[in-house]
Amino acid sequence: MLEFNFTPFPVIETERLLLRRINNDDANEVFELRSNPETMKFIPRPLVKDTEDALEHIAMMEDKIVTNVGINWGITLKDSSKLLGIIGYYRLQPENYRAEIGYMLAPEYHGKGIIPEAVNRLIRYGFDDLKLHSIEAIIDPENFASEKVLHKCGFVKEAHLKEAEFYDGRFLDKVIYSLLDN
Ligand SMILES: CC(C)(COP(=O)(O)OP(=O)(O)OC[C@H]1O[C@@H](n2cnc3c(N)ncnc32)[C@H](O)[C@@H]1OP(=O)(O)O)[C@@H](O)C(=O)NCCC(=O)NCCS
């Protein structure tokens, strides 16, 4: 069984990006991301309503890091500490050497290859440092931008689950992508 340890926090660099720990100074940006119906369209979670909610969300992410049950990074460009997005490994399954990756980015930065750049680096981190055997991503079948990201990063579609999730009065389909370490 794998054992995860996110202390010290792994700050990660890519060509253009710095992936760093999210803190309370990011509350406004977290609010912008998680209150925006556009960025949340395919993420079946309640919209954040105010800064208080955003701080709670940050505390929840921080708690996962210190208890080693999940990790999120704030996405920034190297020349500015402003948080543009969030990416992380959620739902770690140490017994299966597997983790789920998820991400979101502020709309003004879409279409610049930022998420593929971050995902590609985190795939390496997942396999080389966390010693994962597989990484999964679960998306809405209509989230074509996210699907493109996964294709670009080598993920393979494994399943389309029909009406498998009940959220906000509706049954939602979900598509499972995965990538094996080989
Ligand atoms: C999905 C998401 C993370 C993609 O990140 P990204 O850094 O924009 O990814 P890319 O730059 O590789 O763009 C992916 C595709 O998005 C599409 N796209 C979306 N908005 C675009 C824009 N404003 N300009 C250009 N392309 C855009 C393009 O088709 C692009 O594909 P292409 O490179 O083949 O043209 C981002 O759209 C997002 O944050 N969406 C909302 C949150 C979300 O759905 N998260 C995923 C949950 S599973």
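Okay, before anything else, a word on what I'll call a strand or a helix: both are runs assigned by DSSP, with at least two residues for a strand and at least four for a helix, and they are numbered from the N terminus. With those names in hand, here's a place to start: Tyr97 lies in the loop between E4 and E5. And please keep in mind that everything I show today comes from a predicted model.

So what's odd about Tyr97? Its phi is near 50°, which is a positive value in a residue other than glycine. Tyr97 counts as partly exposed, because its relative accessibility is 34%. There's another residue like that, Glu163, which isn't a glycine either and has a positive phi of about 50°. You'll find Glu163 in strand E7, residues 156-167. Glu163 is exposed, with a relative accessible area of 53%.

One more backbone detail while we're here. The peptide bond that runs from Thr7 to Pro8 is cis, with omega near 0°. Pro8 sits in the segment before E1.

Let's zoom out. How many helices and strands does the protein have? There are 4 helices and 8 strands. If you walk along the sequence, the pattern goes β-β-α-α-β-β-β-α-β-α-β-β.

What about overall size? The C-alpha trace spans about 40 × 40 × 30 Å along its principal axes. For 182 residues, a compact globule would have a radius of gyration near 16 Å, and this protein has 16 Å, so the two agree. Of those 182 residues, 46% count as buried. The accessible surface comes to about 9,900 Å², and carbon and sulfur atoms account for 50% of that.

Now, contacts. Take the ones between residues at least 6 apart in sequence: 61% of them join residues at least 24 apart.

For a local example of packing, look at helix H1, residues 27-35. Its buried residues are Ala27, Glu29, Val30, Leu33, Arg34 and Ser35. Which elements do they pack against? The buried residues of H1 pack against H2, strand E4 (85-93) and E5.

Since H2 came up, let me point out Glu56, which is found in that helix, residues 51-66. At 57% relative accessibility Glu56 counts as exposed, because the cut-off for that word is over 50%. The C-alpha atoms of Glu56 and Ala27 are separated by 9.3 Å, though the two residues are 29 apart along the chain.

On to charges. The protein has 22 positive and 31 negative side chains, and the centres of the two sets lie 4 Å apart. Side chains of opposite charge can pair when their charged atoms come close. In this model the count comes to 11 salt bridges. I'll take you through a few.

Start with Arg16 and Glu117, whose side chains meet in a salt bridge at 2.6 Å, N to O. Why does this pair tie together parts that are 101 residues apart in sequence? Because Arg16 is in the loop between strand E1 (12-13) and strand E2 (17-20), while Glu117 is in helix H3, residues 114-129. The two partners also differ in cover: Arg16 counts as partly exposed at 34% relative accessibility, whereas Glu117 is buried, with a relative accessible area of 15%.

Next up are Glu136 and Arg98, which form a salt bridge with their closest N and O atoms 2.8 Å apart. This pair links distant parts of the chain, with Glu136 in strand E6 (residues 134-139) and Arg98 in strand E5 (residues 98-105), 38 residues apart. Are these two buried or exposed? Both Glu136 and Arg98 are buried.

Then there's the salt bridge between the side chains of Asp53 and Lys49, at 3.3 Å, N to O. Lys49 counts as exposed, with 66% relative accessibility.

And last, a group instead of a pair: Arg45, Glu165 and Lys174 are linked in a network of salt bridges.

If you want something to click on in the viewer afterwards, try the Arg16 and Glu117 salt bridge, then the cis bond from Thr7 to Pro8. That's it from me, thanks!

Terms used:
Residues numbered from 1 in each chain as written. Predicted model: local features only at pLDDT ≥ 70, side-chain atom pairs only at ≥ 80, totals over all residues. Heavy atoms only, no water. Rg over C-alpha atoms; globule rule 2.2 N^0.38 Å. Buried < 20%, exposed > 50% of the residue type's maximum accessible area, 1.4 Å probe, protein only. Contact = heavy atoms within 4.5 Å. Areas by Shrake-Rupley, 256 points an atom, 1.4 Å probe, with all protein chains shown as cover. Lys, Arg positive; Asp, Glu negative; His and termini not counted. Charge placed at Lys NZ, Arg CZ, Asp CG, Glu CD. Salt bridge = Lys/Arg side-chain N within 4 Å of Asp/Glu carboxyl O.
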